[in-house]
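Hello,

Here is the structure I promised to pass on to you. Have a look at it, and below it you will find my notes on what turned up.

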Amino acid sequence: MMIWNRSLALEEFVAPGFGYLPGKTDAIRGATANDYPAYAVLSRELGDDPTPSAEQFAAELAPSILISERDGAPIGYVSYEKLAANGFIRNLVVAPGARGSGVGAALMTAAASQLRERGATDQWHLNVKTDNIVAIRFYERLGMRVQYRSVVLRMPWANLDRLPADDTRVTVTPLSDGEVGDVERALGILTGLLARFRARRGIVSLQLRDEQRAPVGVACFDPGFLGAFPFCHPSGVRGTAPAGARATRPPGRSRSTTRRRE
Ligand SMILES: CC(C)(COP(=O)(O)OP(=O)(O)OC[C@H]1O[C@@H](n2cnc3c(N)ncnc32)[C@H](O)[C@@H]1OP(=O)(O)O)[C@@H](O)C(=O)NCCC(=O)NCCS
């Protein structure tokens with residue numbers, strides 16, 4: 001995965017025109033709970049990520065989703081959120097038959113406008129898979145630039161036992177609210193990202209500190225679900241990756257999925 005970072009401030013964003021088609025009426029509006037069926041169908045275009053439930057859609061997601069309609073039928077959506085002063089695009093999808101007519105750009109323009117209204121005036125960010133060439137070109141045309149790459153690692157938990165023994169200089173402790181800013185700054189994590197994950201129900205967040213108590217790693221995960229994100233540690237600090245991975249292993253689990261920033 002890559003995180004793209006737009007280098008310009010949101011105010012400077014000028015989107016290409018919305019490509020209206022003759023005889024068709026396009027419009028963008030806020031989502032409601034009734035949009036769930038269309039949202040679920042469109043979300044299949046994003047690959048194998050699990051689609052949130054109807055309850056989660058209605059309660060948490062719909063207030064920050066914009067729906068694009070053509071002649072009254074949903075043809076795309078953008079899901080966004082504000083992280084501190086940054087905008088974050090969670091997902092953007094346009095129905096296959098409606099692509100290439102400016103719907104995606106119009107949705108991004110509308111999301112930028114909503115984010116500005118909510119105080120996200122710094123930068124905006126999103127993740128895009130490295131093989132999604134069409135989307136990458138689309139985002140580049142909107143002025144976004146690569147900030148960093150991350151990778152998805154899947155491995156059996158048993159493999160952890162073959163890694164070097166824990167480095168005793170690294171300590172793993174729960175992350176407290178007061179330490180979030182310090183850890184984000186030290187590890188170069190987008191401001192607000194850790195708070196966003198910590199706010200979710202059931203999420204455990206752990207930090208790794210070296211002998212000087214400096215942050216050298218962090219992991220957020222749901223013990224009932226495979227995987228940790230963010231899972232971040234600076235390269236070159238010995239023992240942090242194995243120590244962090246071992247700390248996220250729930251009892252009885254045999255496989256781990258971890259998204260790690262390079
Ligand atoms: C990426 C996506 C949202 C773009 O939506 P869209 O409505 O087709 O985009 P637009 O019509 O606004 O196109 C904007 C630009 O991208 C270019 N573009 C869009 N689709 C393209 C395609 N299939 N091939 C080449 N260029 C394309 C257009 O030429 C246009 O550039 P221009 O205005 O300078 O001519 C859409 O392709 C999509 O839904 N893909 C599947 C889901 C996905 O990958 N989402 C992103 C996940 S991070």
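What share of the contacts in the chain with a separation of 6 or more comes from residues 24 or more positions apart? Such pairs account for 70% of those contacts. Please keep in mind as you read that this is a predicted model.

Let me begin with the overall picture. The chain has 262 residues, of which 29% are buried, and it holds 7 helices and 12 strands.

Next, a word on confidence. The mean pLDDT of the chain is 82, and 81% of the residues reach at least 70. Helix H1 (residues 36-43) has the highest confidence, at 97, while strand E1 (residues 2-6) has the lowest, with a mean of 44. Over residues 1-19 the pLDDT stays under 50, although the model has 59 contacts beyond four places in sequence for them. Where pLDDT is low, predicted coordinates should not be read in detail.

Now to the ligand. A shell of 20 residues surrounds the ligand, and the closest are Val 94, Arg 99, Val 103, Gly 104 and Ala 105. Three elements give two or more residues to this shell: strand E5 (86-94), helix H3 (103-117) and helix H4 (133-141). H4 gives the most, with 5 residues. Sorted by class, the shell has 11 nonpolar, 5 polar and 4 charged residues.

Helix H3 deserves a visit of its own. With 15 residues at 1.5 Å a residue, H3 should span 21 Å, and its end C-alpha atoms are indeed 21 Å apart, so the expected and modelled spans agree. Its buried residues include Val 103 and Gly 104, both also listed with the residues closest to the ligand. Further along H3, Leu 107, Met 108, Ala 112 and Leu 115 are among the other buried residues. What covers the buried residues of H3 includes strand E2 (26-30), E3, E4, E5, strand E6 (124-128) and H4. After H3 comes Gly 119, with a positive phi near 95 degrees.

If you would like one residue to look at in E5, try Phe 88, which is found in that strand. Is Phe 88 buried or exposed? It counts as buried, because 24 C-beta neighbours lie inside 10 Å and the cut-off for a buried residue is 20 or more. Leaving aside neighbours within four places in sequence, Phe 88 is in contact with Tyr 80, Glu 81, Leu 83, Trp 124, His 125 and Leu 126. Phe 88 and Ala 112 of H3 are 24 residues apart in sequence, and their C-alpha atoms are 9.6 Å apart in space.

Finally, two backbone details. Most residues other than glycine have a negative phi. Which values does phi take at Asp 71 and at Arg 213? For Asp 71, phi is positive, near 50 degrees, and for Arg 213 it is positive as well, near 70 degrees. Asp 71 is found in the loop between strand E3 (65-70) and strand E4 (73-83). Arg 213 is found in the loop between strand E9 (204-209) and strand E10 (215-221). Asp 71 is exposed, since 11 other C-beta atoms lie within 10 Å and the cut-off for exposed is 12 or fewer. Arg 213 also counts as exposed, with 9 C-beta neighbours inside 10 Å.

Enjoy exploring it, and do write back with any questions.

Best wishes

Terms used. Residues are numbered from 1 along each chain as its sequence is written. This is a predicted model: local features need pLDDT of at least 70, side-chain atom pairs count only at pLDDT 80 or more; totals for chains, interfaces and linings use all residues. A residue is near a molecule or strand if its C-beta atom, placed from the backbone, lies within 6 Å of it. Helices (H or I, at least four residues) and strands (E, at least two) are DSSP runs, numbered from the N terminus. Ala, Val, Leu, Ile, Met, Phe, Trp, Tyr, Cys and Pro count as nonpolar, Asp, Glu, Lys and Arg as charged, and the others, Gly among them, as polar. Two residues are in contact if their C-beta atoms, placed from the backbone, lie within 7 Å. The expected span of a helix is 1.5 Å times one less than its number of residues. pLDDT is the predictor's confidence in each residue, from 0 to 100.
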